[in-house]
Amino acid sequence: MSLDINKIKEQIEHGNTSLGIELGSTRIKAVLIGEDHTPIASGSHDWENRYVDHIWTYTLEDIWTGIRDCYGKMAEDVKETYGITLTTIGSIGFSAMMHGYMAFDKEGELLVPFRTWRNTITGPAAGKLTEVFRYNIPQRWSIAHLYQAILNKEEHVKDIDYLITLEGYVHWKLTGRRVLGIGHVAGMFPVDIHARDFDQKRVEQFDQLVAGEDAGVLTEEGAKLLDASGNLKAGIPMCPPEGDAGTGMAATNSVAVRTGNVSAGTSVFAMVVLEKELEHVYPEIDLVTTPAGDMVAMVHCNNCTSDLNAWVNLFKEFSEAMGMKADMNQLFGTLYNKALEGDSDCGGLLAYNYFSGEHITHFEEGRPLFVRMPDSRFNLANFMRVHLYTSLGALKTGMDILLKKEHVKVDSILGHGGLFKTKGVGQRILAGAMNAPVSVMETAGEGGAWGIALLASYMRCRQEGETLDAYLANKVFAGDKGTRMEPVKEDVDCLLYTSP
């Protein structure tokens, strides 16, 4: 698409833009969009979680160093491309990995290291809460972490003044406001979809058990915290922070009933907007909401591409040892496409991608595994194919419950995230796993950073009474249905038997 540089410069100078920043598991990404919602500048920062004292965590220094570097690279992109120093933005939104546990005292000090969604250490608490609430409470939800800390008699619990997740923490520090988007509220504690708030009955049950649209503006302190150069002005409106599930729904126009999307990166999750409540409670199915507050069934798996990426990095190391400089996009594209040449049964190879624990299949810790028989057809195509299959194996276990036991109807499924960057490969594997058509848009690789930018734009630009699904359908995705791929029979037949 050709860009009118002068028109974009004018939009940037007048603040007719929206910025989305998402803190993913391995990358922080910033996307600046213009009036037509198309990305006009971006920046990113790679980071990795730490495994400290049996806890997956990031330090506060990791968080702010990464955010500032990411924002700085986006601002530098603006400077290099348009010759403008970025000083103002129309609206800003933050997104991050959903769930987890950040507990602060009255002085705003973090009481224990950030416990991310990846930890599977709250089994007893999640089980008890599910029983009491009659509502599935996954291990990664904030309320499960809190109750487990209570069960463990952890010293810090008595000093908790504010319990929040990563994007809520960042928003708080930038605006001084303690708010969350409704879609992410549903990742901390069950919500009442009619009241668009925490379910007060279950709040009371929890109390017994243990005995907003206006989300503020960027403060002077927040501007300095975000932009190390000091160029960014305060006073920019900020939309409520959302989790990566909510921003994924926005980024794929999957907020209407009977739409679904699959986000596949370090973790993988599928979201389906429900017509009606499920008949039964399943530990494999979470009930959350869209950013607008409609009920969503979610299948969340801790593991997707981490083990796959590790193998690709091994090939990169080999290439460099042979004196060949490896371009990562080319390397991923070559290896992913090679998988399509493999046998439908992956040549008898077997892999499990459990880099961390996997609650859906009841593994408390990760043990990546690759095995073969002496007579397996061990070649590169089959090797890559089996690792792509296993990246969606746990997801298929949960989705089979949703689609086959509850007979949930889905009119469209859209894929986004790193797994879909190589055209036609991850999309084909997902179509086989779902036994349903899957569409991928050109913006699939932009993911949640673009999604939260769209939510920030919706806050700033919507007409009175305009719903989120109408705004997305009419102003962002009008005429863009993506590239659709039907399931291939041999993939479907094989994937019936290769789920963990």
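A residue is called exposed when its relative accessible area is over 50%, and buried when that area is under 20%. These two words are used below for a predicted model.

**Helix α1**

Helix α1 spans residues 5–13, and its buried residues are I8, Q11 and I12. Viewed down the axis of α1, the buried residues fall within an arc of 100°, so they line one face of the helix. N6 and E13, which are exposed, lie on the other side of α1. The cover over the buried residues of α1 includes strand β3 (39–46) and helix α2 (60–82).

Both ends of this helix can be described further. At its start, the backbone nitrogen of N6 has a side-chain oxygen of D4 within 3.3 Å. After α1 comes G15, which has a positive phi, near 75°.

**The five-stranded sheet**

Five strands form an open sheet with mixed pairing, in the order β3-β2-β1-β6-β11. Strands β3 and β11 (242–243) are its edges, as each of them pairs on one side only. Within the sheet, β1 (residues 18–23) and β6 (residues 91–96) run parallel and are joined by six bridges. In this pair, L23 of the one strand stands opposite A96 in β6.

Two helices that lie against these strands are set out below.

| Helix | Strands touched or crossed | Angle |
|---|---|---|
| α5 (residues 166–175) | lies across β1, β6 and β11 | about 145° to β6 |
| α15 (residues 447–461) | touches β1, β2 (27–33), β3, β6 and β11 | about 140° with β1 |

The two angles refer to separate strands: β6 for α5, and β1 for α15.

**The surroundings of E154**

E154 belongs to the loop that connects helix α4 (142–151) with strand β8 (162–164). The side chain of E154 makes a polar contact of 3.3 Å with the side chain of N152. When neighbours within four places in sequence are left aside, E154 is in contact with R115 and A149.

**The largest nonpolar core**

Which residues touch the most other members of the largest nonpolar core? They are L395 and M434, in a core of 50 residues. For M434, the residues touched are V262, A270, L395, M399, L403 and I413, not counting residues up to four places away in sequence. L395 is thus named twice: as one of the two residues with the most contacts to other core members, and as one of the residues that M434 touches.

Terms used
Residues are numbered from 1 along each chain as its sequence is written. This is a predicted model: local features need pLDDT of at least 70, side-chain atom pairs count only at pLDDT 80 or more; totals for chains, interfaces and linings use all residues. Side-chain values use heavy atoms; hydrogens and water are left out. Buried means under 20% relative accessible area, exposed over 50%, partly exposed in between (1.4 Å probe, protein chains only). Helices (H or I, at least four residues) and strands (E, at least two) are DSSP runs, numbered from the N terminus. The arc is that of the directions from the helix axis to the C-beta atoms. Contact means heavy atoms within 4.5 Å. A polar contact is a pair of N or O atoms within 3.5 Å; within protein, one must be able to donate a hydrogen and the other to accept it, and residues adjacent in sequence count only if both atoms are side-chain atoms. Two strands pair if DSSP finds at least two bridges between them. Axes are lines fitted to C-alpha atoms, for helices over the stretch in contact, and angles run from 0 to 180 degrees between N-to-C directions. A nonpolar core is a set of buried Ala, Val, Leu, Ile, Met, Phe, Trp, Tyr and Cys residues joined through side-chain atoms within 4.5 Å.
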